[in-house]
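Biologist: I've got the model open on my bench screen and I'd like to go through the ligand site with you. Can you take me through it, with the reasoning behind each label?

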Amino acid sequence: MIPVTVVRITDEQEAAVLEVLRSGQLAQGAMVERFEAAFAEIHGVAHAITVNNGTTALIAAMKSLELSPGDEVVTSPFTFVATLNAILDAGATARFADIGDDYNMRADAAEALVSERTHSLMPVHLYGLMADMDGLASIADRHDISIVEDAAQAVGATYRGNAAGSFGVGCFSLYATKNISTGEGGVVTTNDDDVADRLRLMRNQGMRQRYQYEMAGNNYRLTNLAAAVGLPQLAQLDELNAARNANADRYREGLADIDGLILPPPTPADQTHVYHQFTVRVTNDAPIDRDQFVDALLAEGVGSGIYYPRVVFDYDCYREHPNVRVDDDVPKAFEIAKQVVSLPIHPYLSADDAATVIRSVRKVLGR
Ligand SMILES: *Cc1c(COP(=O)(O)O)cnc(C)c1O
């Protein structure tokens, strides 16, 4: 069986966790600071502020940017539900701009939704490929609005030499299956000293010095234990992402030109993809439908995942939500949600495993 994700813990990680256990400093402390310094360095930003999960990262980022009632956030309709939940939790209204063949929100579609109510653009760098940041940054500049990047799946990805999380306020997840994992965890990145200061206060009950409260805050802190799991992975990030890319190349070669199967479009030359997922589309030209494809692969011993089976707002709880605008037209997102399947691309997938996946995909599609 080739699973869609595999988590491995190294000796370095065990040693770092043991170091924290023996120090007795289990909560936020020195190990968290080391993790933040390494994370900021990798992403070329002035500040990396860890929090307890990626959803919190998004909520904290929104709250750090002065939000008023009625403010709208333009985001992707094709994303994990946390993107939408964070917008709603922060008190904003969500609007959806359609995606392109690269699965990301299109800048022209986003601009069409911008009005005086727009607070920010929230692109989601889905599957590890960054959205059209030149296009989105130009909109943000012209309309004087913020960018909050949902970079949960894009640790270490770059766009024209600039890392995910460096274009606005960046939000990352360290959940168990993400490219860098601490079990649960998140990071907010920014070059803005004031935003960073607010985030650091906010995550720690609004407290600057003991019992000196400067804002109504919360407890969003990451633990030293979690940071110890993550820190050794940051040192390995290039290798881990290179392993994902090597298998992506194998898939692109081995799965080219199959009727009914659309591969992710080639990565633009000025971007690096970190392949959180390698996601293909099974279209009506295939001999079997998407769900049969998943079952047939499983019968061949190949795991896969559907990320995500529905457009994010396509549930009663969101369709009926007063702060969710469901009238924006997003046909591409609806089409793609019916077609996507993610193949195993974790860093421990061997070349032999990738060959097995390729053979199995060809077999179940009659090729
Ligand atoms: C994982 C993820 C999140 C949320 O992160 P958690 O750490 O699970 O809270 C947000 N957005 C996207 C696109 C994600 O994949």
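Modeller: Let's start with α3, which gives the most to the shell around the ligand, three residues. Keep in mind that this is a predicted model.

Biologist: What makes a residue part of that shell, and how many residues surround the ligand?

Modeller: A residue counts if one of its heavy atoms lies within 4 Å of the ligand. By that test 17 residues surround the ligand, and the closest are Gly-54, Thr-55, Asp-150, Ser-173 and Lys-178. As for helices, α3 (54–63) and α4 (81–89) each supply at least two residues of the shell.

Biologist: Why is the pairing of Thr-55 with the ligand called a polar contact?

Modeller: The cut-off is 3.5 Å between N or O atoms. A polar side-chain atom of Thr-55 lies 2.5 Å from an oxygen atom of the ligand, so the pair qualifies. Lys-178 also has a polar side-chain atom 3.1 Å from a ligand oxygen. For Asn-53 the distance to a ligand oxygen is 3.5 Å. As for cover, the ligand has 380 Å² of accessible area on its own, and the protein covers 93% of that.

Biologist: How do you know that the ligand sits in a pocket, and which pocket is it?

Modeller: A molecule sits in a pocket if more than half of its atoms lie within 2 Å of the pocket's grid points. Here the space taken by the ligand is the largest pocket, with a volume of about 380 Å³.

Biologist: What makes a residue a lining residue, and which ones lie nearest the centre of the largest pocket?

Modeller: A lining residue has an atom within 4 Å of a grid point of the pocket. For the largest pocket 23 residues pass, and Phe-80, Ser-173, Tyr-175, Lys-178 and Tyr-308 lie nearest its centre. Again α3 gives the most, with three residues.

Biologist: How does that lining divide by class?

Modeller: There are eight nonpolar, 12 polar and three charged residues in the lining. The shell around the ligand has seven nonpolar, eight polar and two charged.

Biologist: And what about the second largest pocket: how much space lies there, and what lines it?

Modeller: About 260 Å³. Its lining has 13 residues, with Leu-65, Val-169, Thr-190, Asp-192 and Val-195 closest to the centre. β5 (146–150) and α7 (193–202) each supply at least two lining residues, and α7 gives the most, with three. By class, that lining has five nonpolar, five polar and three charged residues.

Notes:
Residues are numbered from 1 along each chain as its sequence is written. This is a predicted model: local features need pLDDT of at least 70, side-chain atom pairs count only at pLDDT 80 or more; totals for chains, interfaces and linings use all residues. Side-chain values use heavy atoms; hydrogens and water are left out. A polar contact is a pair of N or O atoms within 3.5 Å; within protein, one must be able to donate a hydrogen and the other to accept it, and residues adjacent in sequence count only if both atoms are side-chain atoms. Accessible areas come from the Shrake-Rupley method with a 1.4 Å probe; for residues, only the protein chains shown count as cover. On a 1 Å grid over the protein atoms alone, a cavity is a set of points where a 1.4 Å probe fits but cannot get out, and a pocket is an open set with protein on both sides within 12 Å along at least five of seven lines; lining residues have an atom within 4 Å of a point. Helices (H or I, at least four residues) and strands (E, at least two) are DSSP runs, numbered from the N terminus. Ala, Val, Leu, Ile, Met, Phe, Trp, Tyr, Cys and Pro count as nonpolar, Asp, Glu, Lys and Arg as charged, and the others, Gly among them, as polar. Grid points are joined across faces, edges and corners, and a volume is the space filled by probe spheres set on the points.
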